[in-house]
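Work through the exercises below with the sequence and the model in view. Each task sentence is followed by a solution that goes step by step.

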Amino acid sequence: FGPPMGKTMIIFVDDLNMPQLEVYGAQPPIELLRQWMDHSGWYDRKENTFRRLVDLSFVCAMGPPGGGRNPITPRYMRHFNIVAFTPFDEPSMQLIFKTILDWFLVKEGFESEYQRLSAPIIGATMGAYQRSLANLLPTPSKSHYTFNLRDFARVVQGMCLCSKDDFEQPKELMLLWTHEVLRVFYDRLIDSDDQTWFLEQIKELCTAHFDVEFSSLFTSCGMTVKGVGGEIDDDDVRTLMYNTFADPKAKKKTYRRTGEWCGGIPALQKATEGYLEDYNAVSPKPMKLVLFLFAIEHVCRIARVLQMPRGNVLLAGVGGSGRQSVTRLASHICDMEVFQIEVSKSYSMVDWREDLKKVLREAGTRLGHAPKPPPHTPHPPLRCCARRGRRRRRRSSSSPIRRSSRRRTSRTSTAC
């Protein structure tokens, strides 16, 4: 048994070391795969016959043991050619992202006092990344607690959305770093204990790398601290919002903190309600939403991700919590359209492929990236063919046989 003649089937197995160990330490799913490696087939349990499978290749992927992953048996590993990706060491990671941030600050024309903050920002981001990686481990109820190098890059990418004209002092760049770290790491946490722990880590990193108290950083930038004893709490962090749509009348929309320049959070709420009215005016399915502070926070978060190159976001929550509504509103603010599949009982893989073709076709044609057809130039071949007909006419005006070919040439030139 196997694929058609002349072809090879490749079977990809992801998270190979995820199966749980049994009482004696074996992993039955892996032992079942190893049976093909050792004996080239499996037994048919109905007919009790051995089925030999040919022209198969296995490609497997797995992470290092730990955090729910188990070491696999060497008897199975010996069948593979192993390709391992070693993680970057800390100096290499800091050098990579510091170079990117330095390039951005120089390109945007930031002063030297801002450029000196590049190394502390990257060091603080490294601390937040490593502490999250070591303490916020994935569990069955927190399966999305997986952090990798992309999260580090998203912090730097978020800081590259700003403009130097929106900064009045270097501490505002530190505040922007605080916002980006909260958006990348803090928003992923679903437990209040985890959120409180991470906020304490941010306070320690701010003091260690910027030599500034976390509460004084907020007050020096004009933000109000309402926590007990002047300490920053979850409610104070919620008021730290960056967006590009707080002032709809602005000629240049930049990624800027919501503050006194636009009227604060009340002005942001009014602007968001205006965008909602515009959406309801043009949409066949208007939304009746009450835009309180919690909803506006999510609109700002989704709009931030949509403004990034290759941005993507996973909204985790119970049904009816408003995930679709805030996504549609944020997409409208960013001048984007939402494509959603309509799943029914008769929805099949054919329908899925057609929907995929449709969204890719719309993304390619509506953005103006569709390839233009080459210009049609029929006249030069027509003139060339007509000249050949005239030449033949001059050479063969006496022969009746060639007169008929002359007429055929003339008709051919006209058809061209």
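**Exercise 1.** Compare the reach of helix H3 with its expected span, then establish which of its residues are buried and how they are arranged.

*Solution.* Helix H3, a DSSP run (helices are H or I, at least four residues; strands are E, at least two; both are numbered from the N terminus), covers residues 90-107, and its 18 residues reach 26 Å from first C-alpha to last, close to the 26 Å expected at 1.5 Å a residue, where the expected span is 1.5 Å times one less than the number of residues. Next, take the buried residues (under 20% relative accessible area, against over 50% for exposed and partly exposed in between, with a 1.4 Å probe and protein chains only): these are Met 93, Phe 97, Leu 101, Phe 104 and Leu 105. Seen down the axis of H3, they fall within an arc of 95° (taken from the directions from the helix axis to the C-beta atoms), so they line one face of the helix. The face turned away from that buried side carries the exposed residues Pro 91, Leu 95, Trp 103 and Val 106. Finally, the cover over the buried residues of H3 includes helix H4 (112-115), helix H5 (118-135) and helix H6 (149-159).

The model is predicted, so local features need pLDDT of at least 70 and side-chain atom pairs count only at pLDDT 80 or more, while totals for chains, interfaces and linings use all residues. Residues are numbered from 1 along each chain as its sequence is written, and side-chain values use heavy atoms, with hydrogens and water left out.

**Exercise 2.** Describe how H5 and H6 pack, and name the residues that make the contact.

*Solution.* Begin with the geometry: the two helices pack at an angle of about 145°, with their axes 10 Å apart, the axes being lines fitted to C-alpha atoms over the stretch in contact and the angles running from 0 to 180 degrees between N-to-C directions. The contact (heavy atoms within 4.5 Å) is made by Ile 121, Ile 122, Thr 125, Met 126 and Tyr 129 of H5, together with Leu 149, Phe 152, Val 155, Val 156 and Met 159 of H6.

**Exercise 3.** Decide how confident the prediction is, and where the pLDDT is below 50.

*Solution.* The protein chain averages a pLDDT (the predictor's confidence in each residue, from 0 to 100) of 83, and 88% of the residues score at least 70. Over residues 369-416 the pLDDT is below 50, and this stretch has 18 contacts in the model beyond near neighbours in sequence. Where pLDDT is low, the predicted coordinates should not be read in detail.
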